[in-house]
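Please examine the model below with attention to its nonpolar cores and to the packing of one pair of helices.

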Amino acid sequence: MLAPLFLIGALVTTPQMSVQAANQTAVEDGSGGMPRAVNRMVGGIVSYARWPTGSAATARTMCVVGAPRLTDRMAPDVPGPGSVTVRRVTTASVTPECDILFLGRMPVADRRQLIAWVRGRPVLTITDDDAACIYGAMFCLSNKAASISFSVNIDAIGRGPLRIDPRVLRIGGGEGGAS
Amino acid sequence: MTGPTPTPPVERIGARTTLQKLLSRFHFGITLFAVALSGLTILLAGVTALRGYADRNMELAAQLGAYGVEPALVFNDPQAVREGLEPLTRIPGIARLRVLNDVGRPVTEWISPAADPAPTLTRIFFPRPFAVTVQRNGSAIGTIEVWGDSSTLIDYVRLGLLAGLGCLLITAFGTIFLARRFEYELVKPLNEIATVAHDVRLHRRFDKRVQPLGIAELDRLGGDINALLDELQGWQGHMESERALLAHRASHDTLTALPNRDAFDEQLAQRIEAAARRGSRFALLFIDADNFKAANDNFGHAAGDAVLVALSARIQDALRKGDFAARIGGDEFIVIVELDDEVHPEGLASRIRTSVAEPILLPGGETYRAAVSVGVATFPDNGSDATALLTAADAAMYADKLTNRSR
């Protein structure tokens, strides 16, 4: 019960440890390094999201729109019993069956339309084409040198009925977030 | 060289302690033991309980750490792991923290900057770290290890010892007070008994008695002493009356109950001294029964005794209060009379003669008329010491006897 309070307390206090860029996930060398890192990160994010229906073990559907910049082998690695099925769709064919929207590179109008569609729906939005995380996606992946990181748009999360574990918000907020 | 040395008399032990001191020492010992025992028990129980709390504390810290570092491990972010551990570093009693990832490689480690005050105690109480597996939706993604240190325990022990010392002090004072009370209650009646015994021994106060006492055993002792004193008092009274009787017998004639020769000598000496001091005069009357032997022979010894008793009674009747009469021989009496203007020894002598001449009723029914010869000597006219006075009185008596015979 007290743990979240501690964490909130830790959120508002300056960490005493040496300052590094928050959430630096090292990418292993080799050809499979980047896809594995991205899939692990996406899987982690998914595992910390709570939909109003179903449980952690419920299989979720991820609809990939546009062209992902970090990897084309999208297969999120969810820790624990949950799983994610990936479906490639176009902007027009997005249906309420999509629990997760992965927004790759796409026209600005399409993105605006999708973000507007998501508002009020229990849909998790992740993008890898918005390093500053200002265009309305909840989670924004970016890569720097040999590592990838994510940031959080707390406004976007606050607008939807989806619940995100505050610990993730804290990690994602390390880079300043997008509020 | 010398014979066997005689057994030395039993010496009284030099350094004698009082009952009060003995009780005090005894009380203090018992109390010290009790307080030390209870203090130690409480301290041990406290340490055990605290050990339990410390374990629980470590466990909770490990759980909290596991919760905090879980997403950081999911995203494989060492910086976030450190931040997740940060709240734990502020919990007292944690010496070291370490987080391992899913393959057991250390991700981050934190060691308390505060030095362990007692490494040995830490080794005894926290030999192993508390390890909690960090899980994400049921699968292990890492391990967090927490090492405790003994700082809280030492604080407790220090506080406990201080409190124990305080308790010891308070208890010691309380004990001293209670012991004093107890000693007073016990020593007071004992002192009372001792005082009575001392009084009886030193001042012969056989009428002293021990008052009823509050403590049953001592009261019984007091009762026994009282009974003993009752007996002693009885013996004492008996002895005193016996002694008075003996003294009376020694100074008085048993037949006539008049003072005897010894008592007379003493009395005469006193009178001479008193008269010489005051310059007063007194007369000595030597009275001797005439023909007493004949009466004795004719009527028997019982009759002789009766005559003597009658003579003594009549002589005494003729005297005033301050005068003194004694029987100094078989039929010889002596009277000492103080002389003043009213009294003339010759007058007294003739009164005695007249009184004696009255018939005496003998045991056999006969009557007897006694006659006496009286010789008078006065102090200081006829002598200033006992012998001279007696000689003078004796001579006067013989002269009187001769006169009587010739009549």
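The paragraphs that follow treat the chain, the cores and the helix pair in turn.

The model is predicted, so local features need pLDDT of at least 70 and side-chain atom pairs pLDDT 80 or more, while totals for chains, interfaces and linings use all residues. Residues are numbered from 1 along each chain as written, and chains are lettered from A, and ligands numbered from 1, in the order of writing.

Chain B holds ten helices and ten strands (DSSP runs of H or I with at least four residues, and of E with at least two, numbered from the N terminus). Of its 407 residues, 25% are buried (20 or more other C-beta atoms within 10 Å of the residue's own, with C-beta atoms placed from the backbone).

The largest nonpolar core (buried Ala, Val, Leu, Ile, Met, Phe, Trp, Tyr and Cys joined through C-beta atoms within 7 Å) has 66 residues, and A:I45, A:I100, A:L101 and A:I126 have the most contacts inside it. Helix α1 (residues 19-74) of chain B gives the largest share of this core, ten residues. Another core, of 40 residues, lies apart from it and includes B:I315 and B:I352.

Those two residues also take part in a helix pairing: B:L311, B:R314, B:I315 and B:D317 in α8(B) meet B:I352, B:S355 and B:V356 in α9(B) (C-beta atoms within 7 Å). The residues of this contact comprise four nonpolar, one polar and two charged. The axes of α8(B) (residues 301-317) and α9(B) (residues 345-357) come within 9 Å and cross at roughly 140° (lines fitted to C-alpha atoms over the stretch in contact, with angles from 0 to 180 degrees between N-to-C directions). α8(B) is therefore oblique to α9(B) (neither under 35 degrees, nor over 145, nor 65 to 115).

How values were computed
A residue is buried if 20 or more other C-beta atoms lie within 10 Å of its own, exposed if 12 or fewer, and partly exposed in between; C-beta atoms are placed from the backbone. Ala, Val, Leu, Ile, Met, Phe, Trp, Tyr, Cys and Pro count as nonpolar, Asp, Glu, Lys and Arg as charged, and the others, Gly among them, as polar.
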